[in-house]
Structure formats: C-alpha cells, structure tokens
Amino acid sequence: MSSTIIKPSAAIRQNYNDISNLAKETHSPIFLTKNGEGDLVVMDIETYDQRERQLELREKLVEIEERRQAGIQDTPAREFLSELREIYSK
C-alpha cells in the first residue's frame, strides 16, 4: 500500500473526479479532514471489497485456530477450501 493520502473535505466537493481517480489509481484510502481534524475515509469499491474479503478470511482463520486450541476437531480440508472459495467468489 502506498503512503497515507490526506485531503481537506472541500476537495471532494470541488474535485470529486480527481479524488475518485486518485483512490482508484492508488488503491489506498483517502483521509478527508474537516477543520484540520480527521472526518472521513474514502476508498474505491474494488479496494473496499478486497479488504472485506481479507477480513473475512482472517476471521475464519482465527476461528479455526481458536477451535484447534480448544481441542475441537478441525474443519475438514475440503470444507475449509470450499468456504475459502465462497469468500473469494463474492
């Protein structure tokens, strides 16, 4: 991921297309400020969807590790792979 991008909130009102293009080109969130304070984060849909899939995957892996540590029988590999495919096909 590239460096942090910070813009004043007026930038989105005045230059929506520029902000949209910047988000799509960098695949990074753009932090908008209002009166010098953090206010909103804007990112393109593709990047948002990718982050959501990554979070789902991490949650699933944590769940599996917690079950393993608790001595609960592991999810069969085929079932786990099927669930991973489902997450990434969204």
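A residue is called buried here when its relative accessible area is under 20%, exposed when that area is over 50%, and partly exposed in between. The model described is a predicted one.

**Strands and hairpin**

Strand E1, residues 5–8, runs parallel to strand E2 and is joined to E2 by four bridges. Ile 5 has Ile 30 as its bridge partner in E2. Strands E2 and E3 are paired in the antiparallel sense, over five bridges. Ile 30 is matched with Val 42 in E3, and Leu 32 has Leu 40 as its bridge partner in that strand. Ile 30 is thus named in two pairings, one with Ile 5 and one with Val 42.

The hairpin of E2 and E3 has two residues between the strands. Asn 35 is found in this loop. Its phi is positive, about 55°, although Asn 35 is not a glycine. Asn 35 counts as exposed because its relative accessibility is 75%, and the cut-off for exposed is over 50%.

**The nonpolar core**

The largest nonpolar core has six residues: Ile 5, Ala 11, Ile 19, Ala 23, Ile 30 and Leu 32. Helix H2 (16–26) and strand E2 (30–34) are the elements that give two or more residues to this core. Ile 5, a member of the core, also touches residues beyond its sequence neighbours. Leaving aside residues within four places in sequence, the contacts of Ile 5 are Leu 22, Thr 26, Ser 28, Pro 29, Ile 30 and Phe 31. Ile 30 is therefore both a contact of Ile 5 and, by the DSSP bridges that define strand pairing, its bridge partner in E2.

**Asp 44 and its surroundings**

Asp 44 sits in the loop between strand E3 (37–42) and helix H3. Asp 44 is buried but has no salt bridge. Which side chain of opposite charge is nearest to Asp 44, and how far away is it? The nearest is Lys 24, at 7.2 Å. A salt bridge needs a side-chain nitrogen of Lys or Arg within 4 Å of a carboxyl oxygen of Asp or Glu, so the 7.2 Å to Lys 24 does not qualify.

Not counting residues up to four places away in sequence, Asp 44 touches Ala 23, Lys 24 and His 27. Of these, Ala 23 also belongs to the largest nonpolar core. His 27 lies in the loop between H2 and E2 and has a positive phi, near 55°, in a residue other than glycine. His 27 is partly exposed, at 38% relative accessibility.

Ser 20, in helix H2, is buried with a relative accessible area of 18%. Ser 20 and Asp 44 are 24 residues apart in sequence, and their C-alpha atoms are 7.1 Å apart in space.

**Helix H3**

Helix H3 covers residues 45–69, 25 residues in all. At 1.5 Å a residue it should span 36 Å, and its end C-alpha atoms are 36 Å apart, so the two values agree. The buried residues of H3 are Thr 47, Arg 53 and Lys 60. Helix H4 (77–89) is included in what covers these buried residues. Just after H3, Gly 71 takes a positive phi of about 80°.

A search of the whole structure finds two salt bridges. Glu 63 and Lys 60 both lie in H3, three residues apart, about one turn of the helix. Arg 68 and Glu 65 are also three residues apart in H3 and are separated by about one helical turn. Residues three or four places apart in an α-helix point the same way, because the helix has 3.6 residues a turn. The table gives the N to O distance for each pair.

| Salt bridge | N to O distance |
|---|---|
| Glu 63 and Lys 60 | 3.7 Å |
| Arg 68 and Glu 65 | 2.6 Å |

Is Lys 60 buried or exposed? Lys 60 counts as buried because its relative accessibility is 14%, and its partner Glu 63 is partly exposed, at 38% relative accessible area. In the other bridge, Arg 68 is partly exposed at 46% relative accessibility, and Glu 65 is partly exposed at 31%.

Methods. Residues numbered from 1 in each chain as written. Predicted model: local features only at pLDDT ≥ 70, side-chain atom pairs only at ≥ 80, totals over all residues. Heavy atoms only, no water. Expected span 1.5 Å × (residues − 1). Buried < 20%, exposed > 50% of the residue type's maximum accessible area, 1.4 Å probe, protein only. Contact = heavy atoms within 4.5 Å. Lys, Arg positive; Asp, Glu negative; His and termini not counted. Core = buried A, V, L, I, M, F, W, Y, C linked by side-chain atoms within 4.5 Å.
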